[in-house]
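Please work through the exercises below with the structure open beside you. Each task is followed by a solution that goes step by step.

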Amino acid sequence: MKKKILRSLLIVLLAGLLLAGCAMGPRAESTPGISANSDHIIVSYMNYIRHLNPVNGQETWRYPEKSNVKQVFYAPALIDGESIYVGDFANDFMKINISGIPTVEWTFKDAKGWYQAKAVKDGSLIIAPNTDRSIYAIDDSNTLLWTHQGDFAYISEPLVVEEMVIVSSQDHKILFLNKADGTTIREVPMNGAVVAAPAYDPKTDSVFVGSLAHEFVRIDRQTGKIVWSYDGSGTLESIWGKALIVDGQVILSDKAGKIVSLSADTGAENWQLYAGGAMPTGLALVEDKGFVAVLEDGTITFYDLTQKSVWSRVISGNVYSTPVVTENLILVAAIKGDNLIYAFDFQGQPVWTFKPAK
Amino acid sequence: MWDTLIIQPFTNVLLMITMLVKNFGLAIILFTILIKLITFPLTAKQIKSTQAVQELQKSPRYLKLQEKYKDNKEKLAEEQFKLQRELGVSPFGSCLPLFIQFPIIIGLYQSIMRAMASTPLELIKLERIIYPFLDPNKILPLQNRFLWMDLGQPERLTVFGIGIPVLTILVVLTTLVQSRVMAPPTEGGNDQAAAMTSSMNMTMPVVMVMLAYQFSAGLALYLVVSNLTTIAQYAAMGRTDWSKILPWVKSKPKAAKPSIVIPDLPDEEEEAKPVIVEKVSKPSARASVKRQRPKMKK
């Protein structure tokens, strides 16, 4: 009898170990997606999209009301007036009216993969990248306009400039697509996979982007030619975040924590600094004041545009999401920390924190 | 510790294979076979030990012991232990290799999942564990497309607008075949093992369906290849009973090649018929004295 019990326990233990080992963590691991303006702060994280009050960080509502194991949100929502556009890991992309109780206006269900990147909107055109190697163009009434099929998952926010949709591709290239029908206007080859979103400078009519192959380039939007390329004499590491463009300079950061300012026009280096540790995120611009850099270990530093450190704070947890700046707040999302969202004012004073209720 | 000793080396080997064959799906198949080959000595030991324990439990001497000491559990346990020592059979001999294999199986699964990075965070983590001699720029991202599948997503083959989970079906079939051809004979002797196997046979396909249906196709591919490799390993050892799934195949004669031969109790009328045919594990000194070359068993 004892043997029987022992054996049964052993089976349960082995099955448990196998399941625990195989099912460790969620199906995919990602970081909180934040999007914000002066009225709304939307946080996409795990089974909910949460709306926070910008004044005190209190949760106003969450969607869905009851969590669904299959529905996981990591893509930052696109806020457009009183609507948000957001995709999930159940392959659905939704328009949700947030003027009152969140109401789903429509759901686009054609995709076969996850929505990891933020969508962009240009007039009534919505461009939603998906990990099923497709970029979907939908109009505001949920009609599929076109699909662009690539070779790898699209995981970064696209850019719409005039008649072009510009997309970073993990297939070692930058895609320039025709906004009207999704056909390829041109492909600009890069040396490595591109996961950082492209940045656009109207003054030079150029696209600035870095790849995982330790390179950062300026691409002329009209011709697709690489005007200059920067590798920091071989010291630049892989680039994961979108560059900032301000006052004729391009400010970029690499994975190792190097922040570099280049002339947008010539690519000449203005200055560079070491932020003090790994930084797998982009920088966030605080208009006319400077920019915020956040290290993976939770160190937040505010720099003015001449590379001078103005203030620094440390939060609990690891940061893999680029901080978001509103009219008066700097929002930082952390995982494995005491709180999910930390809000600071531009002087570095903590304003509020948000921790989801269990 | 776990990452450094198991996940990192496994993932890097998987990535190296991917670089060589230029196909991640093929790399998963080759990597699974490689790991199964490396752990084959453990599997073989486990199979032999399991069979030896089963044979021991069905032996007249063992059953006589049970009958003789049915009212004295302590003495029974003591005598059973003595017999096991004498024959060099350990009931834990089949568990230990299984326990050693477990971290490898889990590590194999986790390294496949790690390599199929689909989000920026997963890519960052993958890039960090790539050994310096491998260039992440040449490796990343991995092409997850294999045949009709996206290895990073649950697999469905769309036929006439209906998504058919082909890999999940294959996982169930291979799991069932594996459990059927590997199941110990149920007749006679102690049927505890058979009952345990029967419950495992019922639960494992259900667990596998859950894993294969919901998780990425890469995992389902691994499960199919792993099951097929295990069946092949059993077949190579001559332990499979194909008659259980193929009705036209004749069943194997029982105990054609036993792992052990158990001498009967000395006080019985029959003469003790020794002898250990095949050594399972290092036998005791007493057993060594009795051992002879097999001449009476074929």
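**Exercise 1: the faces of a strand**

Task: In this predicted model, determine whether the residues on each side of strand 3 of chain A are buried or exposed.

Solution: Begin with one side of the strand, where A:Tyr48, A:Arg50 and A:Leu52 are buried, and then turn to the other side, where A:Ile49 and A:His51 are buried as well, so that both faces of strand 3 of chain A are covered. This division into two sides can be compared with a general rule: in a regular strand the side chains alternate between the two faces of the sheet. The last step is to count, and since five of the five residues of strand 3 (residues 48-52) are buried, the strand is largely enclosed by the rest of the structure.

**Exercise 2: the neighbours of strand 3**

Task: Find which strands of chain A are joined to strand 3 by bridges, and in which sense they run.

Solution: Take strand 2 (residues 41-45) of chain A to start with, which runs antiparallel to strand 3 and is joined to it by five bridges; here A:Ile41 has A:Leu52 as its bridge partner. The hairpin of these two strands has two residues between them, and A:Met46 in this hairpin takes a positive phi near 55 degrees. Next consider strand 4 (residues 59-63) of chain A, which is antiparallel to strand 3 and joined to it by four bridges, with A:Trp61 as the bridge partner of A:His51. These two strands form a hairpin with six residues between them, and in its turn A:Gly57 has a positive phi of about 75 degrees.

**Exercise 3: adding strand 1**

Task: Establish how strand 1 of chain A pairs with strand 2 of chain A.

Solution: Strand 1 and strand 2 of chain A pair in the antiparallel sense over four bridges, and a hairpin of four residues joins them. Within this pairing, A:Ala36 stands opposite A:Ile41. As for the sides of strand 1 (residues 33-36), A:Gly33 and A:Ser35 point one way while A:Ile34 and A:Ala36 point the other way, and all are buried.

**Exercise 4: a helix in chain B**

Task: Compare the reach of helix 11 of chain B with the expected value, and see what follows the helix.

Solution: Helix 11 (residues 217-236) has 20 residues and reaches 28 Å from its first C-alpha to its last, close to the 28 Å expected at 1.5 Å a residue. Its buried residues include B:Leu219, B:Tyr222 and B:Asn227. After the helix comes B:Gly238, whose phi is positive, near 70 degrees. For context, chain B comes to 12 helices and four strands, and buried residues make up 32% of its 298 residues.

Definitions and conventions. Residues numbered from 1 in each chain as written. Chains lettered and ligands numbered in written order. Predicted model: local features only at pLDDT ≥ 70, side-chain atom pairs only at ≥ 80, totals over all residues. Expected span 1.5 Å × (residues − 1). Buried ≥ 20, exposed ≤ 12 C-beta atoms within 10 Å, placed from the backbone. Pairing = 2+ DSSP bridges.
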